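Here are some exercises to work through with the model open beside you. Try each task before reading its solution.

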Amino acid sequence: MNMHSSIEQILSSYDDQAPLSQASTIPAPWYTDPRIAELERLSVFGRTWQLVARTDQLRDPGEFVTTRLAGEPIVVVCGSDGQLRAFYNVCRHHAAAVVTQSCGQISILQCPYHGWKYGLDGSLKGMPEFEGVQNFDRGDNGLVPIRVEAWECFVFVNLDPDAVPLGEFLGGLVKRVAPLGVSQLHYFDRRTYEIHCNWKVFIDNYLDGGYHVPHLHKGLSSVLDYKAYTIENEDRYCLQSSPMVASDEDAATGATRKGDRAWYFWQYPNLMINCYEGYMDTNYVVPVDADHCSVIFDFYFSDVSDARRDYNTQSVNVGNRVQDEDLGICEDVQRGLKSSAYGAGRLSVRREAGEQLFHRLLAADLKGTPAPVMAVVR
Ligand code: FES
Ligand SMILES: [Fe+2]
């Protein structure tokens, strides 16, 4: 397998039918070949539900968030009727970005280039100096809409007009997250990491069932009952969970990671939701190119009053330290994946079922075959 292999050869070199005890990871070229990255842009990021905003950013009429997804500029707006709407953020005149700020509140969407105006519902409202233009129907020249739906405190869009509804896509995740009350938490802060690795290396690292925790995260390891760590696959999500144990080994971790259990959810393809008592962080992985990704961490707490600011900041810093430990190893792995010595690796049956689910779902999307049917595996 090398750069002269065809994309079909690279895709067919992964066996998505093998049982876990016989399975390997997806092959190294899937992490390094720009043709795979482009195929993922179209077949994965262009067709799955993607987290783009929080509901608290889009609560009042005119509130908006802009972002990019799979190379596409996007704007999500709360309408005068309180409805969420999303559009390609591309002016129908000469393709300028209509909304140029990352978030805010507006009453009309006005393109900065030649001043065309669009309503919050995307309809074209006005075009300066356009008298005498023939065969131009204003009704056909609104902003192009995109599917948008909310779940809990999260807003998702999907570039595929034929995609299944968000609830169906999330499947069993919805009922598993519901009891945790994440929508009662309040957003506190964001950290963004630029990592020199393929986006899937970061996901794999997350999905190894705690395999790396005792070795790489000594502080975190002290509050988890590693032997009782569970891994459950269903639909397009994996839940890793561990009972918590009291620890004074690492004061900062012990003070900020509390409760009976730690809940680590991964939802295909690139969203992770981590919960402790009174705490949630989300990790959203954005591919940049075959060798680079960004990871956006959003931190939420039950109490974000000024009195809790120092505590919450300490908690974010604990997350930051764990992240730094992961970051170094992910960059190392990316270098290893490019080595002529490596092709693919085997999976621990006890720990790495989540990784196999990820690789199977990805293979189905890239090969254009139906998603594997996942019964709950406990
Ligand atoms: S490009 Fe938007 S008004 Fe011309
Ligand atoms: Fe880690």
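**Exercise 1. Backbone oddities**

In which loop is E129 found?

*Solution.* E129 sits in the loop between β8 (124-126) and β9 (145-151); helices (H or I, at least four residues) and strands (E, at least two) are DSSP runs numbered from the N terminus. A word on the ground rules: this is a predicted model, in which local features need pLDDT of at least 70, side-chain atom pairs count only at pLDDT 80 or more, and totals for chains, interfaces and linings use all residues. Residues are numbered from 1 along each chain as its sequence is written, chains are lettered from A and ligands numbered from 1 in the order in which they are written, and side-chain values use heavy atoms, with hydrogens and water left out.

Next, look at the backbone: E129 is not a glycine, yet has a positive phi of about 50°. Then check the surroundings: E129 counts as exposed because its relative accessibility is 75%. Here buried means under 20% relative accessible area, exposed over 50%, and partly exposed in between (1.4 Å probe, protein chains only).

Now repeat the steps for A95. Its phi is positive, about 75°, although A95 is not a glycine. A95 belongs to the loop between β4 (84-88) and β5 (103-105), and counts as exposed at 52% relative accessibility.

**Exercise 2. A cis peptide and a cavity**

Which two residues does a cis peptide bond join, and which residues line the second largest cavity?

*Solution.* Start with the bond: Y268 and P269 are joined by a cis peptide bond, with omega about 0°. P269 lies in the loop between β14 (261-267) and β15 (271-276).

Then turn to the cavity. The lining consists of W49, Q50, L51, F156, Q267, Y268, P269, N270 and L271. On a 1 Å grid over the protein atoms alone, a cavity is a set of points where a 1.4 Å probe fits but cannot get out, a pocket is an open set with protein on both sides within 12 Å along at least five of seven lines, and lining residues have an atom within 4 Å of a point.

Finish with volume and class. The second largest cavity holds about 30 Å³ of space, where a volume is the space filled by probe spheres set on grid points joined across faces, edges and corners. Its lining has six nonpolar, three polar and no charged residues (Ala, Val, Leu, Ile, Met, Phe, Trp, Tyr, Cys and Pro count as nonpolar, Asp, Glu, Lys and Arg as charged, and the others, Gly among them, as polar).

**Exercise 3. The iron site**

Which atoms coordinate the iron ion (ligand 2), and why is the arrangement irregular?

*Solution.* First list the donors: H212 (NE2), H217 (NE2), D326 (OD) and D326 (OD), at 2.1 to 2.4 Å. Donors are N, O and S atoms within 2.8 Å of the metal (3.2 Å for Na, K and Ca); water is not among the atoms, so sites may look incomplete.

Second, place them along the chain: their spacing is H-x4-H-x108-D. H217, in the loop between α7 (213-216) and α8 (218-221), and D326, in helix α10, are 109 residues apart, a pair that links distant parts of the chain.

Third, consider the geometry. The four donor atoms subtend angles of 57 to 150°, so the arrangement is irregular. Four donors count as tetrahedral if all angles lie between 85 and 135 degrees; four count as square planar and six as octahedral if opposite donors are over 155 degrees apart and all others between 65 and 115; anything else is irregular.

Last, check burial: H217 is buried at 1% relative accessible area, and D326 is buried at 8%.

**Exercise 4. Following α10**

What does α10 give to the lining of the largest cavity, and to that of the second largest pocket?

*Solution.* Begin with the helix: α10 (residues 309-337) has 29 residues and reaches 41 Å from its first C-alpha to its last, close to the 42 Å expected at 1.5 Å a residue (1.5 Å times one less than the number of residues). Its buried residues include V322 and D326.

Go on to the largest cavity, of about 380 Å³. α10 supplies the largest share of its lining, four residues. Of the 23 lining residues, Y206, L220, N274, V322 and D326 lie nearest the centre.

End at the second largest pocket, of about 420 Å³. There α10 gives the most to the lining, with five residues.
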